[in-house]
Amino acid sequence: MNYRLGDQIALIGYDLDRPVVKPGDPARLRLYWQALRRPEADYTVFAQVRDAANHIVAQKDNPPQAGAYPTSFWDAGEVVIDDRVIEIPANAPAGKYPVKVGMYLPADGSRLWIDGEPAVNEITLPVEIEIR
């Protein structure tokens, strides 16, 4: 996996602790980021679980490592492990849901482009979370 976010950061991997959860249970997602160069700003990471109509069922937005290691501190070539817990609502309907991730500037919500494509600003991970 190697998705470029702008010309600054790459998503090089992920781990999902378990692909099946019950409503009300958390899903634990680990993202592996690599700085392509020193990022010029502090970005917020979003991780969203979406339904077939692209509505957000659950999400976790916060800076990498829960704000402990802002992107502007990253050095070129550095790999940063970013764990996030996505709380699945107790009323979430059963089904399989894609997981989408990306980064944005908190001041204005502008997202980093993926692989140089202005129309693409999020990554669909090659995994689904099944709620049952």
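The radius of gyration used here is taken over C-alpha atoms, and the globule rule is 2.2 Å times the number of residues to the power 0.38. The structure shown in every panel is a predicted model.

**Figure 1. The whole chain, an all-strand pattern without helices.** The chain has nine strands and zero helices, in the order β-β-β-β-β-β-β-β-β along the sequence. For 132 residues, a compact globule would have a radius of gyration near 14 Å, and the 14 Å of the chain agrees with this. Taken along the principal axes, the box filled by the C-alpha atoms is roughly 40 × 30 × 30 Å. Of the contacts between residues at least 6 apart in sequence, 69% join residues at least 24 apart.

**Figure 2. Surface and charge of the chain.** The accessible surface comes to about 6,600 Å², and carbon and sulfur atoms account for 51% of that surface. Buried residues make up 39% of the 132 residues. The chain carries 14 positive and 19 negative charges, and the mean positions of these two sets are 5 Å apart.

**Figure 3. Thr-71, a buried loop residue.** Thr-71 sits in the loop between β6 (56-62) and β7 (79-87). The relative accessibility of Thr-71 is 0%, so the residue counts as buried, the cut-off being under 20% relative accessible area. The side chain of Thr-71 reaches the backbone oxygen of Ala-41 at 2.6 Å. Leaving aside residues up to four places away in sequence, Thr-71 touches Ile-9, Pro-39, Ala-41, Asp-42, Tyr-43, Pro-64 and Met-103. Ala-41 thus appears both as the partner at 2.6 Å and in the list of touching residues.

**Figure 4. Ile-88 and its surroundings.** Ile-88 lies in the loop between β7 and β8 (95-104). With a relative accessible area of 3%, Ile-88 is buried. Ile-88 and Asp-25 are separated by 63 residues in sequence, yet their C-alpha atoms are 5.6 Å apart. Asp-25 is one of a run of residues touched by Ile-88, which includes Val-21, Lys-22, Pro-23, Gly-24, Asp-25 and Pro-26. Val-49, Ala-58 and Ile-131 are also touched by Ile-88. Residues up to four places away in sequence are not counted in this list.

**Figure 5. Glu-122 with two arginine partners.** Glu-122 is placed in the loop between β8 and β9 (123-131). A polar contact of 2.7 Å joins the side chain of Glu-122 to that of Arg-50. A second polar contact, of 2.9 Å, joins the side chains of Glu-122 and Arg-111. Not counting residues up to four places away in sequence, Glu-122 touches both arginines as well as Phe-46, Lys-100, Val-101 and Ile-114.

**Figure 6. Asn-54 and Asp-115, two non-glycine residues with positive phi.** Asn-54 has a phi of about 70°, and Asp-115 has a phi of about 50°. Asn-54 is found in the loop between β5 (44-50) and β6. Asp-115 lies in the loop between β8 and β9, where Glu-122 is also placed. The relative accessible area of Asn-54 is 44%, which makes the residue partly exposed. Asp-115 is likewise partly exposed, with a relative accessible area of 40%. Both assignments follow because partly exposed covers the range between under 20%, which is buried, and over 50%, which is exposed.

Notes:
Residues numbered from 1 in each chain as written. Predicted model: local features only at pLDDT ≥ 70, side-chain atom pairs only at ≥ 80, totals over all residues. Heavy atoms only, no water. Helix = DSSP H or I, 4+ residues; strand = E, 2+ residues; numbered from the N terminus. Buried < 20%, exposed > 50% of the residue type's maximum accessible area, 1.4 Å probe, protein only. Contact = heavy atoms within 4.5 Å. Areas by Shrake-Rupley, 256 points an atom, 1.4 Å probe, with all protein chains shown as cover. Lys, Arg positive; Asp, Glu negative; His and termini not counted. Charge placed at Lys NZ, Arg CZ, Asp CG, Glu CD. Polar contact = N/O pair within 3.5 Å; in protein donor to acceptor, adjacent residues only side chain to side chain.
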